[in-house]
Amino acid sequence: MTLTGVRVYVLAVIEHHTRRIRVLGATGDPTAAWVTQAARNLLMDLEDAGCRARFLIHDRDGKFPELFDVVPADAGIRVMLTGVRMPRMNAVMERWVQTCRRELLDRTVMWNQRHLLHALREFETFYNQHRPRQGIANARPLKPLPSAITEPNQIAYLNIRRRQRPGGILNEYEHAA
């Protein structure tokens with residue numbers, strides 16, 4: 001919810017194997033045409049990036065029209081609906097929502113929809129490029145793992161740089177070789 005009291009709906013997708021997030025957009029009124037266009041934009045982005053998706057899992061929300069399922073199916077992507085009362089079926093995305101709320105939305109006052117989208121894009125960049133994943137060997141979706149430090153002398157002289165992200169809420173740490 002923004003400072004003006006408007007509820008804003010965010011549409012995002014996540015790749016299960018890398019945990020890469022893509023924020024597709026935000027709107028105060030998620031119409032069938034808007035959601036369907038977001039699905040088309042996602043398919044174009046995947047095609048431009050050279051990615052191949054096999055499955056699209058989404059919940060049974062009424063905001064997903066029948067046409068939303070047709071667009072990925074035409075591209076050869078199998079659409080699966082989450083089961084009723086099966087929260088673990090979409091657990092990866094639910095975890096991102098929880099992380100986004102805890103690390104960004106609970107700490108920031110959103111002025112309007114434009115400000116929300118800007119903050120979400122910054123958080124998307126941070127999440128995809130800098131935030132380590134403990135479950136997958138501290139990997140980041142868009143950066144390879146750094147080489148292992150094997151010499152004891154290297155450990156004694158680590159040059160760590162810190163850079164603050166939007167408003168000092170998030171910090172990036174980088175090892176400068």
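Tryptophan 96 is buried, with a relative accessible area of 4%. This residue is a useful place to enter the structure, which is a predicted model. Phenylalanine 123 also counts as buried, at 1% relative accessibility.

Both residues belong to the largest nonpolar core, which has 18 residues. Ile21, Trp96 and Phe123 are the members with the most contacts inside this core. Four elements, β1, β2, α3 and α4, each supply at least two of the core's residues. The most comes from α4, which gives 6 residues. Apart from this core there is a second, separate one of 7 residues, including Val35, Leu43, Val71 and Ile77.

The aromatic rings come next. A pair of aromatic rings is described by the distance of the centres and the angle of the planes. In this model the count comes to 4 aromatic pairs. In one of them, the ring centres of tryptophan 96 and phenylalanine 123 are 6.4 Å apart; the planes stand at 50 degrees, which lies between the limits of 30 and 60 degrees, so the pair is tilted. Tryptophan 96 sits in helix α3 and phenylalanine 123 in helix α4, 27 residues apart, and the pair thus links distant parts of the chain.

Phenylalanine 123 also pairs with phenylalanine 126, with 6.1 Å from centre to centre and 45 degrees between the planes, and this pair is tilted. Here the two partners are both in helix α4, 3 residues apart, about one turn of the helix. Like phenylalanine 123, phenylalanine 126 is buried. With Tyr127 added, the aromatic residues Trp96, Phe123 and Phe126 form one cluster.

From the packed side chains the description turns to empty space. Rolling a probe the size of a water molecule over the atoms shows where empty space is left. The largest pocket holds about 1,700 Å³ of space. Its lining has 50 residues, and those nearest the centre of the pocket are Val10, Leu11, Ala12, Val13 and Met93.

Which elements each supply at least two residues of this lining? Among the strands they are β1 (9-14), β2 (21-27) and β3 (55-58). The helices are α1 (32-49), α2 (66-74), α3 (91-103) and α4 (113-129). Sorted by class, the lining of the largest pocket has 33 nonpolar, 11 charged and 6 polar residues.

The elements β1, β2, α3 and α4 thus appear twice, each with at least two residues in the largest nonpolar core and at least two in the lining of the largest pocket.

How values were computed
Residues numbered from 1 in each chain as written. Predicted model: local features only at pLDDT ≥ 70, side-chain atom pairs only at ≥ 80, totals over all residues. Heavy atoms only, no water. 1 Å grid on protein atoms, 1.4 Å probe; cavity = no way out; pocket = protein on both sides within 12 Å on 5 of 7 lines; lining within 4 Å. Points joined across faces, edges and corners; volume = space filled by probe spheres on them. Nonpolar A, V, L, I, M, F, W, Y, C, P; charged D, E, K, R; others polar. Core = buried A, V, L, I, M, F, W, Y, C linked by side-chain atoms within 4.5 Å. Buried < 20%, exposed > 50% of the residue type's maximum accessible area, 1.4 Å probe, protein only. Phe/Tyr/Trp six-rings, centres within 6.5 Å; stacked < 30°, edge-to-face > 60°.
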